[in-house]
Amino acid sequence: MSLVYPTKSLENFPRHLTPGYRSTVKRSPSKPLIIMPHTLSELTGPVYGHDAVQEGDNDLTKQGKSEPLGERIIVHGQVLDEDRRPVPDTLVEIWQANACGRYVHVVDQHPAPLDPNFTGAGRTITDKNGYYRFVTIKPGAYPWGNHPNAWRPNHIHFSVFGHSFVSRLVTQMYFPGDYLFPFDPIFNSVTDEKARMRMVSTFDLESTIPDWALAFRFDIVLRGREATPLDNDEH
Amino acid sequence: MSEITPSQTVGPFFAYGLTPKGRAHWDPNGTYAWKETVGDNLITPDAAGQKIRIQGQVIDGDGAPINDCMLEIWQADSQGRYASPQDKRALPNTQFKGFGRSATDKNGVYNFDTIKPGAVPGPGGKPQAPHIVVCIYSRGMLRQVYTRLYFADEAANASDPILALVPEDRRGTLIARKTGEQNGLPLYRFNIYVQGPNETVFFEI
């Protein structure tokens, strides 16, 4: 399989400089990026197989002595390429706040309780159909210092690899209908509404486990599509 | 039209999930409980080639160190082969993966111990000088930025097809320089200026 990664596919990514999200002002390149062809160095990428992941790493409710507090949920979906073909055997890592909106991180000073039974970290490898599944706790919203009374919508951070180092994606998964969406400059840094909604999971009644947990579906589409004869001129 | 999932910032709190070890400055216990997937030491006992240390500071537009940054590096082995199924040549016959992750510490300093990569094929079969692809993620970066690290002591830099795309007065930002030894390894210094007069060259890939 020979994939190409047109940079045009990045058109709905956030701009590096998005002043509404204050930290971008001093942390975004000010000079134009240099356009370069993809070489073997960009078209290859690391492979992390099942040896990188331990049994149970995808269940964030079983890392402590007892179960964490909060609303137990299933988060699952498929990792796909731009032709919507499954990306199998790829590493998916997540990290998130606990049910109270607090991270296990020394810098997080939000005065909400830590949960001794919740690390907020998980990982898994997609199966042959590109499918992944986590059991976790619905993360809480939390305040941050971007502007007065700023709150982040509930979200789970995702890190995904794909077929090459240019398909690498770090993103955040949101929950449907969050009332904080209109006020969050990070969510709204994706200005195209359709593209923005691709970061929002859907409530998935069918995958809900009765008497146990609700489910949310989050499909992730990475860069990369089949080369066409026209692409031979591109690089 | 592409339907890809947009990028979002890695945020300030990735450490316990993505870089749980080696964060002694940040966590009072020296480390987070989570087992790391990928670390900052790429050297495997069976990998041939020159062992080196790469170290540098990541600096923002105010000249202040970025202390909540994650760097990932991707590189070939000492013979220029990538441990990837997309490299159709003979795969490396060692455990060397060529991939590493380092968080920055309180002073914005990252560190990698690795093997100096060999030259790899470039566009039109023209070789590329030994280099490492560097990807930077941070709070305040809504999407990752890519740069490349080349080595000052490689004559092949002069004919590298990617360096040739960079205006001459900015090429120096992509060159790591040997500044002695640390922990028994030759130390290459490579600072990354995210913004400002010495801004590192970033690539749109």
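## Chain A at a glance

Chain A has two helices and 14 strands. Keep in mind that what you're looking at is a predicted model.

How does the size of chain A sit with its length? Its radius of gyration is 19 Å, which agrees with the value near 18 Å that a compact globule of 235 residues would have. Lay the chain along its principal axes and the C-alpha atoms fill a box of roughly 55 × 40 × 30 Å. As for packing, 45% of the 235 residues of chain A count as buried. Take the contacts in chain A with a separation of 6 or more, and 73% of them come from residues 24 or more positions apart.

## A four-strand sheet in chain A

One piece of chain A worth tracing is an open sheet of four strands, in the order β5-β4-β9-β10, with antiparallel pairing. The edges belong to β5 and β10 (169-174) of chain A; each has a single partner strand, so one side of each is left without a neighbour in the sheet. Going from one strand to the next, the twist averages 20°.

In the middle of that order, β4 (residues 91-96) and β9 (residues 155-160) of chain A pair in the antiparallel sense over five bridges. If you want a spot to look at, find A:Ile94, which stands opposite A:Phe158 in β9(A).

## A closer look at A:Ile125

Now for a single residue. A:Ile125 is in strand β5 (residues 121-125) of chain A, and β5 is one of the edge strands of the sheet above. Why does A:Ile125 count as partly exposed? Because it has 19 C-beta neighbours inside 10 Å, and a residue needs 20 or more to be called buried.

Who does A:Ile125 touch? Setting aside neighbours within four places in sequence, it is in contact with A:Gly49, A:His50, A:Val53, A:Asp89, A:Thr90 and A:Leu91. A:Leu91 belongs to β4, whose residues are 91-96. There's also A:Pro88, which is 37 residues from A:Ile125 in sequence and 8.0 Å away in space, C-alpha to C-alpha.

## Chain B on its own

Over to chain B, whose secondary structure comes to one helix and twelve strands. Reading along the sequence, you get the pattern α-β-β-β-β-β-β-β-β-β-β-β-β. The radius of gyration of chain B is 17 Å, close to the 17 Å that the globule rule gives for 205 residues, so this chain is as compact as a globular protein of that length.

The C-alpha trace of chain B spans about 50 × 45 × 40 Å along its principal axes. Of its 205 residues, 49% count as buried. Among contacts in chain B between residues at least 6 apart in sequence, 68% join residues at least 24 apart.

## Where the chains meet

How many residues are in contact between the two chains? On the chain B side there are 64, and they meet 69 residues of chain A. On chain B, the elements giving two or more residues to this side are α1 (15-18), β5 (120-121), β7 (131-138) and β12 (203-204). Of these, β7(B) gives the most, with five residues. Sorted by class, the side of chain B that touches chain A has 36 nonpolar, 18 polar and ten charged residues.

There's strand pairing across the chains as well. Strand β2 (residues 34-35) of chain A is joined to β12(B) by two bridges, and the strands run parallel. Look for A:Ile35 here: its bridge partner in β12(B) is B:Glu204.

Key:
Residues numbered from 1 in each chain as written. Chains lettered and ligands numbered in written order. Predicted model: local features only at pLDDT ≥ 70, side-chain atom pairs only at ≥ 80, totals over all residues. Rg over C-alpha atoms; globule rule 2.2 N^0.38 Å. Buried ≥ 20, exposed ≤ 12 C-beta atoms within 10 Å, placed from the backbone. Contact = placed C-beta atoms within 7 Å. Nonpolar A, V, L, I, M, F, W, Y, C, P; charged D, E, K, R; others polar. Pairing = 2+ DSSP bridges. Axes fitted to C-alpha atoms, helices over the stretch in contact; angles between N-to-C directions.
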